[in-house]
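Colleague: Could you pick one part of this model and go through it closely for me? I'd also like to hear how the rest fits around it.

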Amino acid sequence: MAKFLIVDDSTTSRKMLREIIEHELGHIVIGEASDGAKGVKMYDALHPDVVTMDITMPVMDGIEALKEIKELNPEAKVIMITAAGQAKMITKAVDLGADEFIAKPYEHSSIVEILKKLAL
Amino acid sequence: MFFRIFGNYLVEEEIITEVQLDALMEYKRKNHVRLGMIAMEENKMTPAQVKEVSRLQALVDKMFGEIAVEKGYLKKEELADLIIQQSAPYLLFVQGALDTKIMDKEEIAAHLQTYQDKYGWTNEQMRIIKFGSVDDVSAIIVETEDEWISDLFRLVLRNLNRFITNDLYFEAPKRMKTFSAPHFSGQEMVGDKNFMLSFAGEERSLLFIAENYAGEKKPLLNADSYDSVCEFINCINGLLARRLDEEDIDVEMLPPKYKDDFTLYASDDMYVMPVRIENMLVMVLASSGQRCVLI
Ligand SMILES: [Mg+2]
């Protein structure tokens with residue numbers, strides 16, 4: 001059972017992800033953060049196995065948060081889950097060490113598959 | 001789409017009542033097109049042959065198509081073709097109007113002709129309206145001077161159809177300078193080009209979007225419900241951002257916003273598209289160019 005941290009400014013999006021992670025995959029969500037800065041702090045405090053990271057967020061966006069988390073722990077597993085799937089953004093996230101990239105709006109089955117693969 | 005497009009026209013022209021249209025929509029939810037109906041519509045079988053096959057169908061445990069082929073009324077290829085057409089909304093409308101005795105075939109044909117004349121649709125456009133998907137219909141109804149804005153509106157309709165409801169009706173977008181509404185939820189994208197996409201309207205229509213997107217009941221249009229509408233808009237804008245990216249147009253998506261009792265001012269024109277989702281009105285606002293001011 002893997003421990004997840006969800007970073008997303010949308011409560012709706014966090015709820016949907018939590019539902020999939022806990023009820024379909026049987027993992028646990030140990031924290032939720034509504035912006036990148038809170039996400040980095042929670043990562044440092046909770047040491048989750050996997051982070052799901054939105055990109056468009058107030059205060060600190062997901063790219064910056066990804067960078068800071070990888071500085072804290074280069075081995076951190078971070079999945080970018082976002083609507084803003086521009087090529088440049090993906091390249092930047094991959095360069096910074098993002099492990100997976102999922103585009104919103106996602107198909108339920110595809111997200112289940114990717115999360116399964118990463119949380120094992 | 002066809003049920004709402006033609007149905008709303010018939011109500012507007014006072015040919016049928018709202019109650020009759022509701023009955024047709026209910027019919028649509030519960031029925032599918034019978035093969036015999038399409039076979040007659042396509043002049044592949046006579047009404048007498050359809051009656052005979054239907055009667056036999058009640059006696060033996062066989063499908064309508066199977067019996068019709070055995071009897072030599074339909075060829076196998078013809079049957080395959082008719083099965084494909086079974087999903088055509090126009091045919092279901094005709095069957096529904098006949099079954100509920102709202103109109104007969106001649107009346108439907110006559111009203112369709114006046115509808116076509118009123119809007120000046122070509123025969124090809126009429127074929128799309130009668131048999132097409134939301135994507136097909138939006139390609140002919142949604143037109144603006146900015147192809148990106150048209151794209152954005154079409155993405156809105158495709159995703160409303162995919163995530164919210166397939167009972168959709170929409171009209172051509174119109175240009176406006178300002179727009180006021182009791183509730184608003186929207187998002188800007190800024191960069192090489194600036195965009196704004198918003199949903200505005202009454203509480204119940206925004207709540208309907210929130211509930212169906214989030215997949216849970218929402219009694220009030222509060223921060224949580226607005227968040228669901230915002231996230232839905234965020235996803236649609238993301239799809240446009242990816243298309244813009246393919247053309248090397250760089251935009252950054254800003255966090256979405258919501259507001260009660262607002263007025264939106266666009267220094268360049270914005271477009272407003274009325275959309276009915278299960279007959280509840282939502283105004284979809286989109287602009288490009290200068291940024292908008294929300295007061
Ligand atoms: Mg976000």
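Modeller: I'll start with one helix, then work outwards to its chain and the partner chain.

A bit of housekeeping first: this is a predicted model, where local features need pLDDT of at least 70, side-chain atom pairs count only at pLDDT 80 or more, and totals for chains, interfaces and linings use all residues. Residues are numbered from 1 along each chain as its sequence is written, chains are lettered from A and ligands numbered from 1 in the order in which they are written, and side-chain values use heavy atoms, with hydrogens and water left out.

The part I'd pick is helix H7 of chain B, residues 89-99. Helices here are DSSP runs of H or I with at least four residues, strands are E runs of at least two, and both are numbered from the N terminus. Nine of the eleven residues in H7(B) are buried, so the rest of the structure largely encloses this helix. Buried means under 20% relative accessible area, exposed means over 50%, and partly exposed is in between, using a 1.4 Å probe and protein chains only. The buried set runs through Pro89(B), Tyr90(B), Leu91(B), Leu92(B), Phe93(B), Val94(B), Gln95(B), Gly96(B) and Ala97(B).

What do those buried residues of H7(B) pack against? Their partners in chain B are H1 (2-12), H2 (18-30), H3 (35-41), H6 (76-85), H8 (105-119) and H9 (123-131), where contact means heavy atoms within 4.5 Å. After H7(B) comes Lys101(B), which has a positive phi near 60°.

Now zoom out to the whole chain. Chain B has 13 helices and seven strands, and its C-alpha atoms fill a box of roughly 70 × 40 × 35 Å along the principal axes. Of its 295 residues, 53% are buried. Among contacts in chain B with a separation of 6 or more, 68% come from residues 24 or more positions apart.

Further along is Thr165(B), in the loop between helix H11 (147-164) and strand E1 (168-170) of chain B. Thr165(B) is buried, with a relative accessible area of 6%. Setting aside neighbours within four places in sequence, Thr165(B) touches Leu160(B), Phe208(B), Ile277(B) and Glu278(B).

Chain A comes in at helix H13 (residues 223-246) of chain B, which packs with helix H1 (residues 11-24) of chain A at about 85°, their axes 7 Å apart. Axes are lines fitted to C-alpha atoms, for helices over the stretch in contact, and angles run from 0 to 180 degrees between N-to-C directions. H1(A) and H13(B) are therefore roughly perpendicular, a label covering 65 to 115 degrees; under 35 is roughly parallel, over 145 roughly antiparallel, and the rest oblique. The contact uses Thr11(A), Thr12(A), Ser13(A) and Lys15(A) from H1(A), and Asp224(B), Asp227(B), Ser228(B) and Glu231(B) from H13(B).

Finally, the magnesium ion is coordinated by Asp9(A) (OD), Asp54(A) (OD) and Thr56(A) (O), at 2.1 to 2.3 Å. Donors are N, O and S atoms within 2.8 Å of the metal (3.2 Å for Na, K and Ca), and water is not among the atoms, so sites may look incomplete. Both Asp54(A) and Thr56(A) are buried.
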